[in-house]
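Grab the structure and work through the exercises below. Each one sets a task and then walks through a solution.

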Amino acid sequence: MIINIVFIIFIGLAGGIAVGSGFVAFLTVLGVIPRLTQLSKTMKMIHWYEGSVVFGAVAGTIASLRDPALFLPSIILIPLGLAGGVFVGLLAAALTEVLNVFPILAKRVRIEDKIMILMMAFVFGKIFGSLFHWMYFVNE
Amino acid sequence: MGVNVVENTIYIRMRHRLQVRPHDSIKLQDVAQIIAEDSLLEKVKECIVYTVSEKDQNIIILDVMKVIPILTNVVEQINIEIIGQTQTIVEVVYKKIGVSIPLFILIWLLLFFGAALAIMNFHEDVSMQAVHQRIYKIITGKENIKPLIFQIPYSIGLGLGMILFFNHVFKKRLNEEPSPLEVEMFNYQQDLDRYVIINENEESMKRIHHDH
């Protein structure tokens, strides 16, 4: 019996370590945090940002495994949604950049100077697609 | 004699990239930065190193090994010191091809709808709707099938995040550092340059024929 419990704790811990390190590896490869510190010139605070990511991941894990209800006014969801959206936007932009889509495309069609307008097509496409998805596409 | 050697020393640094028109003559001062004693400089800087002809394609690699014999022909007993890279990429610019507007609009729309479809697929793939409903329940304690109060700010934030990453609000940049996109464009150009330096330069590869 005790062996069973110890074994299950061990497996849970191992799974958590695997997923957690995978999450950190993903963020590291995409370089979202360095990008934010570079923009805000807050390199010295990087340990706090690490802490923030770890704390956020743990809070998200608890919130999804347990079933808490905080009974707060729904207005709080606006900044939360905005923050979540910015984060996903950063990930999407970083992923596009890793895949090297824009330099090759711009070179092919000789529009190195208009690349920002193409970027905007991408950004507006994301916003449009996302709004369309939530407002018309899902019907549950 | 020792003084003489120093007097005849010429320092050459090949430029990285040079744009010329067809039938241009490329002078030494176009293709390289030169440091030499004034009288020597006058003699060499107008030397024609290469003349662009019909049979050249749009990229020519000028190797310093082709420049040295020309200099030694003009000035005897010259001491040439080469600093930095040993070749220049000469780009022959034919009639400037403008961007065709319909093609540009087509690509713009392609990216727009492609991005829209990709984000919808992503949301379905990671069950974003269920997660948003769950977040709504955690915060307010109530069920909501369409938590638009969360999802509309999320959608706007998505665009803001991408702009933040690329450091541009339309034409206006947030600070002077190059954006990752500009660095990426630069890296891509460097890779292309390295490729043409090796592959378009007939001096850099030699094949010894054994067949008779």
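**Exercise 1: the sheet around β1(B)**

In β7(B), which residue is the bridge partner of B:I12? Use the answer to work out how the sheet is put together.

Solution.

Step 1. Keep in mind that this is a predicted model. The partner to find in β7(B) is B:I82, which bridges to B:I12. Along the two strands, B:I10 stands opposite B:I80 of β7(B).

Step 2. Now take the sense of the pairing. Strand β1 (residues 9-14) of chain B and β7(B) are parallel, with 4 bridges between them.

Step 3. Turn to β4(B). This strand runs antiparallel to β1(B), and 5 bridges join the two. One of the pairs has B:Y11 bridged to B:I35 in β4(B).

Step 4. Put the strands in order. You get an open sheet of 3 strands, β4-β1-β7 in chain B, with mixed pairing. β4 (32-36) and β7 (79-82) of chain B each have a single partner strand, so they stand at the edges with one side left without a neighbour in the sheet. Ignoring direction, neighbouring strands here are turned by 25° against each other on average.

**Exercise 2: two faces of one strand**

Sort the residues of β1(B) by face, covered or uncovered, and find a helix that lies across this strand.

Solution.

Step 1. Start with the rule: side chains in a regular strand alternate between the two faces of the sheet.

Step 2. Apply the rule to the strand. On the covered face of β1(B) sit B:I10, B:I12 and B:M14, while B:T9, B:Y11 and B:R13 make up the uncovered face.

Step 3. Look for the helix. Helix α3 (residues 38-45) of chain B lies across β1 and β4 of chain B, at about 150° to β4(B).

**Exercise 3: the other sheet**

Trace the strand order of the sheet that holds β2, β8 and β6 of chain B, then place the helices that lie across β6 and β8 of chain B.

Solution.

Step 1. The order is β2-β8-β6, again an open sheet with mixed pairing. Its edge strands, β2 (17-20) and β6 (59-63) of chain B, pair on one side only.

Step 2. Check one pairing. β2(B) and strand β8 (residues 87-92) of chain B are parallel over 4 bridges, and B:L18 has B:V90 as its bridge partner in β8(B).

Step 3. Add the twist. Neighbouring strands of this sheet are turned by 25° against each other on average, direction ignored.

Step 4. Lay the helices on. Helix α4 (residues 64-74) of chain B crosses β6 and β8 of chain B at about 55° to β6(B). α8(B) also lies across β6 and β8 of chain B, running at about 100° to β8(B).

**Exercise 4: where the chains meet**

Describe the contact between chains A and B, starting from chain A.

Solution.

Step 1. Sketch chain A. Its secondary structure is 6 helices and 0 strands, and 22% of its 140 residues count as buried.

Step 2. Count the residues in the contact: 62 come from chain A and 56 from chain B. On the side of chain A, α2 (32-40), α4, α5 and α6 each give two or more residues. α6(A) has the largest share, with 22 residues.

Step 3. Sort that side by character. It divides into 43 nonpolar, 11 polar and 8 charged residues.

Step 4. Find the core. The largest nonpolar core has 37 residues, and A:L90, A:A93, B:M162 and B:F165 have the most contacts inside it. α4(A) gives the most to this core, with 8 residues.

Step 5. Zoom in on B:M162. Beyond its neighbours within four places in sequence, B:M162 is in contact with A:G89, A:A92, A:A93, A:V123 and A:K126. Apart from this core lies another, of 17 residues, including B:I26, B:A32, B:A36 and B:L71.

**Exercise 5: how far to trust it**

Compile the confidence values for the complex and for chains A and B.

Solution.

Step 1. The predictor gives the complex an ipTM of 0.81 and a pTM of 0.69.

Step 2. Chain A has a mean pLDDT of 86, with 99% of its residues at 70 or more. Chain B averages 81, with 85% of the residues scoring at least 70.

Step 3. Within chain A, confidence is lowest in α5(A), at a mean of 74, and highest in helix α1 (residues 2-30), at 91. Where pLDDT is low, don't read the predicted coordinates in detail.

Notes:
Residues are numbered from 1 along each chain as its sequence is written. Chains are lettered from A and ligands numbered from 1 in the order in which they are written. This is a predicted model: local features need pLDDT of at least 70, side-chain atom pairs count only at pLDDT 80 or more; totals for chains, interfaces and linings use all residues. A residue is buried if 20 or more other C-beta atoms lie within 10 Å of its own, exposed if 12 or fewer, and partly exposed in between; C-beta atoms are placed from the backbone. pLDDT is the predictor's confidence in each residue, from 0 to 100. A nonpolar core is a set of buried Ala, Val, Leu, Ile, Met, Phe, Trp, Tyr and Cys residues joined through C-beta atoms within 7 Å. Two residues are in contact if their C-beta atoms, placed from the backbone, lie within 7 Å. Ala, Val, Leu, Ile, Met, Phe, Trp, Tyr, Cys and Pro count as nonpolar, Asp, Glu, Lys and Arg as charged, and the others, Gly among them, as polar. Two strands pair if DSSP finds at least two bridges between them. Axes are lines fitted to C-alpha atoms, for helices over the stretch in contact, and angles run from 0 to 180 degrees between N-to-C directions.
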